[in-house]
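This briefing sets out selected features of the model shown below. The points are grouped by topic.

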Amino acid sequence: MAVQLPGLFMERMKELLGTEYDQFVDTYKQSPYGGIRVNTLKITVDELRGRSPFGLEPIPWCPTGFYTGEGARPGKHPYYHAGLYYIQEPSAMAPVELLGVQPGDRVLDLCAAPGGKSTQIAAKLQGEGLLVTNDLHPERTKALAKNLELYGVRNGIVLNESPERIAAAFPGFFDRILIDAPCSGEGMFRKDEDMVKQWEPETPAKYAGMQREILAAAAAALKPGGTVVYSTCTFALEENEEMIDGFLSGHPQFSLVPVGGSGSFAAGLGPLPGAARLWPHKVKGEGHFMAVLRHDGSPDIAGVADIEARADFIEAKTDLIEARANFKEARADFKEATLSVSPRNRDTRSASPAKVSAGRADSGRAGKGGRGPGKTGAAAGRQVQGTGEEASLAVYAGFIQELLGKLPAGYPIWFGDHLYISPLPREALDGLKTIRPGWYVGHMKSGRFIPGHPLATALHPAESSRSVSLSSASGEAVSYLKGETLSIPEERLSIKAGHASKGYMLVCIDGFSAGWGKWQDGMLKNEYPAGWRWT
Ligand SMILES: C[S@@+](CC[C@H](N)C(=O)[O-])C[C@H]1O[C@@H](n2cnc3c(N)ncnc32)[C@H](O)[C@@H]1O
């Protein structure tokens, strides 16, 4: 590598590695490994392997992960744009494998941008349960939100918050929490020269302070009995074993689940052999550290220092439970209301707007032209309730029932004219900077409902009454991804009985949803978003 590694870093590594040091240094003469992880929300591993245009070699610690080998350009294939795989550094696939996510879990990814591990969690949830994904830095949440959309995630909420505020809003709430901590990045030096340039002798200590706070917040947001996985891509002891050792001393209801020392995972160093290390001179991947922490199940108010804070904690929890109860009722009302709304008979009299939707925020990011809602709650400008919203819900329900035959499950949340279907009631997000409160399904324009791009990317073609599949081999998939209008004869369309060919068409690439088009008289008008196009 062209960049000189910092002398003090090398000295520290020599001390850590002893006789293995020379082998470690040799890894800097090799190229980093490339990998993809199959998005099992859209395709099975076997099917992708059968279709893959490039060679795939299994990554030992991730059953959906594969090395792509030199010369492969996975970002330059239509399958990437159809969300069939995520391009990810192989070692970075390990932490989520240790998190033990099951469909139906409530999972929090605290330091999530650009979303590699969030999309991996979403694939494990298989659309059931909840993924709250967060990053402190607003700019980075854009890529995070886009990746959730590209990979067809329906049950994700994207926040831009501090871990402390998330813990206050969701005390004792999550089954599993991932902390892919901001760190000094020493494990990425081979792959990312910027990390080398940014490194200073004080960098590990600087990050250690942040990591301690993030861990404390995670402990407060975790359900008794839940699991936290803490990971970094650095070698420094103070950000890894020493950090976790300190956490365990201050949080006696947590214990370390031993994972180090078996398979590809080397044992942790010093006080924590049960933690896991991936070393670049031992595996085909960059440097990583992981610790699995399990809560023993006793009621936990760890991280809450004094009596007053504890009272707030309990009050916050009660509010959340109440909000949830209110919204269960609202959901029942909504179901009842939408059942009476058919495309032909849009009688909205039974809709209960005050409960059905948490309404429209007329300020915040939505007001600035974006569709992100910004900070929810009173500070964001309270909601407009009333007949406009009732009518919009009815139009939405009519459109979706015609297209999909049923409405997606979840809480409808309007922001301006934009509609999200959320796995949580809006009240649960009140006061939090929310980038995406759920699955973006579309917006109202001149009294019509316009389906959103993320609605398409998350659909299976069989769910849509109208779809068309474009071939990746013929070049027409790339034409679609470039935003071109296509000539498509009617006999190529898949139209369910009783539906007209004209209208919104789910456009697929080799049978995998990629976006919308509008078909009429043999022409497919392109609805692929400008910002997503193939260049
Ligand atoms: C290692 S990166 C995360 C990579 C991500 N998990 C993935 O797999 O794509 C760490 C992230 O933490 C974010 N971050 C930094 N400080 C934070 C904090 N106090 N709370 C939450 N996120 C933070 C950074 O913006 C950065 O995106």
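In this predicted model, Ile177 is in contact with Leu108, Leu110, Ala218, Ala221, Leu222 and Val228, leaving aside its neighbours within four places in sequence. Ile177 is also listed with Ile179, Ala218, Ala221 and Met290 among the residues that have the most contacts inside the largest nonpolar core, a core of 135 residues. Helix 10 gives the most to this core, with nine residues.

**Strands around Ile177**

- Strand 8 covers residues 174–180, and seven of its seven residues are buried, so the strand is largely enclosed by the rest of the structure.
- Strand 5 and strand 8 run parallel and are joined by three bridges; across this pairing, Leu108 stands opposite Ile177 of strand 8.
- Strand 8 also pairs with strand 9 in the parallel sense, over six bridges; here Ile177 stands opposite Val228 of strand 9.
- Both of these opposite partners, Leu108 and Val228, appear in the list of Ile177 contacts.

**Annotated binding site**

- An unreviewed UniProt entry lists Cys111, Ala112, Ala113, Pro114, Gly115, Gly116, Lys117, Asp135 and Asp180 under "binding site". These residues span 70 residues in sequence, yet no two of their C-alpha atoms are more than 12.6 Å apart, so they gather at one spot.
- Cys111 lies in the loop between strand 5 (106–109) and helix 6 (116–125). Cys111 counts as buried because it has 23 C-beta neighbours inside 10 Å, and the threshold is 20 or more.
- Beyond residues up to four places away in sequence, Cys111 touches Asp135, Ile179, Asp180, Ala181, Pro182 and Ile214. Two of these contacts, Asp135 and Asp180, are themselves in the UniProt binding-site list.
- Gly115 is found in the loop between strand 5 and helix 6, and it counts as buried with 28 C-beta neighbours inside 10 Å.
- The contacts of Gly115, apart from neighbours within four places in sequence, are Thr133, Ala143, Leu144, Asn147 and Leu148.

**Shell around the ligand**

- The ligand has 18 residues around it, of which Cys111, Gly116, Leu136, Asp180 and Pro182 come nearest.
- By class, this shell has 11 nonpolar, three polar and four charged residues.
- At least two residues of the shell are supplied by helix 6, and at least two by helix 10 (203–221).

**Helix 6**

- In helix 6, 10 of the 10 residues are buried, so the helix is largely enclosed by the rest of the structure.
- The buried residues are Gly116, Lys117, Ser118, Thr119, Gln120, Ile121, Ala122, Ala123, Lys124 and Leu125. Gly116 and Lys117 are also in the UniProt binding-site list.
- Gln126, just after helix 6, takes a positive phi of about 55°.

**Annotated active site**

- Under "active site", the unreviewed UniProt entry lists Cys233.
- Cys233 lies in the loop between strand 9 (222–232) and helix 11 (241–250).
- With 26 C-beta neighbours inside 10 Å, Cys233 counts as buried.
- Not counting residues up to four places away in sequence, Cys233 touches Cys183, Gly185, Gly187, Met188, Glu286, Gly287 and His288.

**An exposed loop position**

- Gly270 is placed in the loop between strand 11 (266–267) and strand 12 (276–278).
- Gly270 counts as exposed because it has 12 C-beta neighbours inside 10 Å, and 12 or fewer is the limit for that class.
- Gly270 touches Leu237 and Glu241, residues up to four places away in sequence being left out.
- Gly270 and Asp245 are 25 residues apart in sequence, and their C-alpha atoms are 9.8 Å apart in space.

**Domain and whole chain**

- The unreviewed UniProt entry annotates residues 24–296 as "domain: SAM-dependent MTase RsmB/NOP-type".
- Over residues 24–296 the chain is 31% helix and 23% strand, with the end C-alpha atoms 38 Å apart.
- The chain has 16 helices and 25 strands, and 50% of its 535 residues count as buried.
- Of the contacts between residues at least 6 apart in sequence, 70% join residues at least 24 apart.

How values were computed. Residues are numbered from 1 along each chain as its sequence is written. This is a predicted model: local features need pLDDT of at least 70, side-chain atom pairs count only at pLDDT 80 or more; totals for chains, interfaces and linings use all residues. UniProt positions are given in the numbering used here, feature names are shortened, and annotations may be inferred rather than shown by experiment. Helices (H or I, at least four residues) and strands (E, at least two) are DSSP runs, numbered from the N terminus. Two residues are in contact if their C-beta atoms, placed from the backbone, lie within 7 Å. A residue is near a molecule or strand if its C-beta atom, placed from the backbone, lies within 6 Å of it. Ala, Val, Leu, Ile, Met, Phe, Trp, Tyr, Cys and Pro count as nonpolar, Asp, Glu, Lys and Arg as charged, and the others, Gly among them, as polar. A nonpolar core is a set of buried Ala, Val, Leu, Ile, Met, Phe, Trp, Tyr and Cys residues joined through C-beta atoms within 7 Å. Two strands pair if DSSP finds at least two bridges between them.
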